[in-house]
Amino acid sequence: MNYRHAFHAGNFADVIKHIVLARILTYLQDKPGAFRVIDTHAGAGLYDLESDEARRGGEWLTGIARLMQARLSNETAALTKPYLDIVRAFNPKGELKAYPGSPLIARGLLRPQDRLVACELEPKARKALIDVLRRDEQARVVDLDGWVALPAFVPPKERRGLVLIDPPFEAKDEFEKLGEAFAAAFAKWPTGIYVIWYPAKNRRATDTLAQSVARLAAAAKPPGKCLRLEFSVAPQLDGAALTSTGLLIVNPPYTLQGELKTILPELEMPLGQGGAARFRLEVPRS
């Protein structure tokens, strides 16, 4: 799978991932102690939805565009507000022309004491990210492979925070790399929050990854928890565009599962393609 993000920015997978990211960071804000966000595969930071790539993909039209037009309950509207407020901040009032990637979603939820480390190896994406975060004393862009950075940057000195692992899945062994890199990082920082994104195309690969991550979390002292979320906007067909996205959240805030049980049912209709979307939210077997 080649996941060049300029073609996919603002799609349903981004919506799900960034809602979860925003809910976790909102939770971390509740305590005064500083936290750090480590984004291992950060991307360009900000995506032009009027670019040739975005127009060709058009995936944001069935993702963020639909969510911003959806009628949500008061509770779900309140829970998604931190995320949607950041998206709106990068757009003219009433319009949707740009989409902020995970580094800018995270940056929008940092307090003065918090920090962001964003790793990006691809030169054009890294330059774009540096440009958008220029002179930002709270955010650091690192020219380092995310798989190398992951064990190198944990534990952070703040001892609180979140690691977002969102690789492009361009290599055939990406699932294996992901599992190995998570294991190395988790051994050094078992109390951190980890959010692992994956394309839900191959059931055997995704189940193997989920069981491995859950097993490592359960073996920690004290034992950690793993939450698995998969969201499908249509049946996933071989060779077709991505229609199912997955997240593994290790050491999730105790509030997160309940919040997602409120939010996700209200996203099934607006994000569904050719019918309502479906989701699963569970604690995977270790």
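1. A good place to start is a pair of helices. The axes of helix H2 (residues 12–28) and helix H11 (residues 256–263) come within 11 Å and cross at roughly 140 degrees. Please keep in mind that this is a predicted model. Angles over 145 degrees would count as roughly antiparallel, and H2 and H11 are therefore oblique to each other. Their crossing is right-handed.

2. Which residues make the contact between H2 and H11? From H2 come Ile19, Val20, Arg23 and Ile24, and from H11 come Leu256, Glu259, Leu260 and Ile263. Sorted by class, this contact has 6 nonpolar and 2 charged residues, with no polar ones.

3. Helix H2 is also worth following into the largest pocket, where H2 supplies at least two residues of the lining. Helix H1 (5–8), strand S2 (46–48), helix H7 (123–132), helix H8 (146–152) and helix H9 (174–188) each do so as well. The space in this pocket is about 860 Å³.

4. If you would like to find the largest pocket on screen, look for His5, Gly43, Glu120, Glu122 and Ala125, which lie nearest its centre among 35 lining residues. The lining has 13 nonpolar, 9 polar and 13 charged residues.

5. The second largest pocket has a volume of about 290 Å³. Its lining has 16 residues, and Arg203, Ser232, Ala234, Ser244 and Arg278 are the ones nearest the centre. By class, 6 are nonpolar, 5 polar and 5 charged.

6. Which element gives the most to the lining of the second largest pocket? That is S10, with 3 residues. Helix H10 (203–219), strand S8 (226–232) and strand S10 (278–282) each supply at least two.

Definitions and conventions:
Residues numbered from 1 in each chain as written. Predicted model: local features only at pLDDT ≥ 70, side-chain atom pairs only at ≥ 80, totals over all residues. Heavy atoms only, no water. Axes fitted to C-alpha atoms, helices over the stretch in contact; angles between N-to-C directions. Helix = DSSP H or I, 4+ residues; strand = E, 2+ residues; numbered from the N terminus. Parallel < 35°, antiparallel > 145°, perpendicular 65-115°, else oblique. Left-handed = near helix turned anticlockwise from the far one by under 90°. Contact = heavy atoms within 4.5 Å. Nonpolar A, V, L, I, M, F, W, Y, C, P; charged D, E, K, R; others polar. 1 Å grid on protein atoms, 1.4 Å probe; cavity = no way out; pocket = protein on both sides within 12 Å on 5 of 7 lines; lining within 4 Å. Points joined across faces, edges and corners; volume = space filled by probe spheres on them.
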